[in-house]
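Here is a short set of exercises for you to work through, each followed by a step-by-step solution. Keep your viewer open as you go.

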Amino acid sequence: MACNSLSALPRVCAEGVLAGVEKVYIIAYKDLEPINSGTTDVYSATTAGTIVQIAVTAGKSFVEIGLLKSTSGLNEAMTKDNTKGTSFFTQTFTIVLSDLTTENQQFIKNVSNQPVAVLYKSRTNKWFAAGLNGQFEVSGVEGGTGVAEADLIGHTITFNGISTTVAPIVLDSLAAQLT
């Protein structure tokens, strides 16, 4: 595969940019389906990489996860080995479930042993996706009642996965349709 030429990247000029995630939606990967009979891909993208289609099985949907302020986000780290010709991104996504409810316990049970896909809106008002390759799973759950009055009562769930690219942008109209 030939490498692409580089394009100039202008500096972002804005009043301010906030890090973090504003909205999160999750679906079991098994509830996605191939976009057509000739592929196993559950999404399609433009040549620039923007996701324009995600095929959800009829009767299934992405479910919204209620977020506490400033508790959710995606981190990515590239691993590259020139001696083996490999490179990939490790993606880590964290959400915090507030309170020790039956619904939260059931959610933890449901996501703990299967791959998921995540659709999330950043505070920059852009939508992104992770896990559309079936490689995104829970890697840890931590939480409980807390000790002091201001401690978290709930659970922090960490999802990990790998991808050959950074988390792709999702077309706004597609995100609106899926959420």
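**Exercise 1.** Does D99 count as buried, partly exposed or exposed? Work this out, then describe the backbone at D99 and at S70.

*Solution.* Start with the ground rules. The model is predicted, so to speak of local features a pLDDT of at least 70 is needed, side-chain atom pairs count only at pLDDT 80 or more, and totals for chains, interfaces and linings use all residues. Residues are numbered from 1 along each chain as its sequence is written, and side-chain values use heavy atoms, with hydrogens and water left out.

Step 1: take the cut-offs. Buried means under 20% relative accessible area, exposed over 50%, and partly exposed in between, with a 1.4 Å probe and protein chains only.

Step 2: apply them. D99 has 37% relative accessibility, so D99 counts as partly exposed.

Step 3: find D99. D99 sits in the loop between β6 and α1; helices (H or I, at least four residues) and strands (E, at least two) are DSSP runs, numbered from the N terminus.

Step 4: check the backbone. The phi of D99 is positive, about 85 degrees, although D99 is not a glycine.

Step 5: turn to S70. S70 is not a glycine either, yet has a positive phi of about 60 degrees. S70 belongs to the loop between β4 and β5, and its 53% relative accessibility makes S70 exposed.

**Exercise 2.** Which residues of helix α1 are buried, and which on the other side are exposed?

*Solution.* Step 1: list the buried residues. In α1, residues 102-111, these are N104, F107, I108 and V111.

Step 2: look down the helix axis. The buried residues fall within an arc of 100 degrees, so they line one face of α1; the arc is that of the directions from the helix axis to the C-beta atoms.

Step 3: inspect the other side. T102 and K109 are exposed there.

Step 4: ask what the buried face meets. Its residues pack against β1 (21-28), β4 (63-65), β6 (86-98), β7, β9 (136-144) and β10.

Step 5: zoom in on N104. This residue is buried, at 15% relative accessible area. Not counting residues up to four places away in sequence, N104 touches L97, S98 and D99, where contact means heavy atoms within 4.5 Å.

**Exercise 3.** How many residues does the largest nonpolar core have, and which elements give two or more residues to this core?

*Solution.* Step 1: define the object. A nonpolar core is a set of buried Ala, Val, Leu, Ile, Met, Phe, Trp, Tyr and Cys residues joined through side-chain atoms within 4.5 Å.

Step 2: count. The largest such core has 21 residues, and V24, I26, F93, I95, Y120 and F159 have the most contacts inside it.

Step 3: map the core onto the fold. β1, β6, α1, β7, β8, β9 and β10 each give two or more residues.

Step 4: look for another core. A second, separate one has 16 residues, including A117, L119, V170 and L174.

Step 5: place this in context. In soluble globular proteins, nonpolar side chains tend to be buried together.

**Exercise 4.** How much space lies in the largest pocket, and which residues lie nearest its centre?

*Solution.* Step 1: set up the grid. On a 1 Å grid over the protein atoms alone, a pocket is an open set of points where a 1.4 Å probe fits, with protein on both sides within 12 Å along at least five of seven lines; lining residues have an atom within 4 Å of a point.

Step 2: read the volume. The largest pocket holds about 660 Å³, a volume being the space filled by probe spheres set on the points, which are joined across faces, edges and corners.

Step 3: examine the lining. There are 31 lining residues, with E76, F128, V166, A167 and P168 nearest the centre.

Step 4: assign elements. At least two lining residues come from each of β2 (43-45), β5 (73-81), β7 (116-122), β8 (127-130) and β10 (154-163).

Step 5: sort by chemistry. The lining comprises 19 nonpolar, 11 polar and 1 charged residues. Here Ala, Val, Leu, Ile, Met, Phe, Trp, Tyr, Cys and Pro count as nonpolar, Asp, Glu, Lys and Arg as charged, and the others, Gly among them, as polar.
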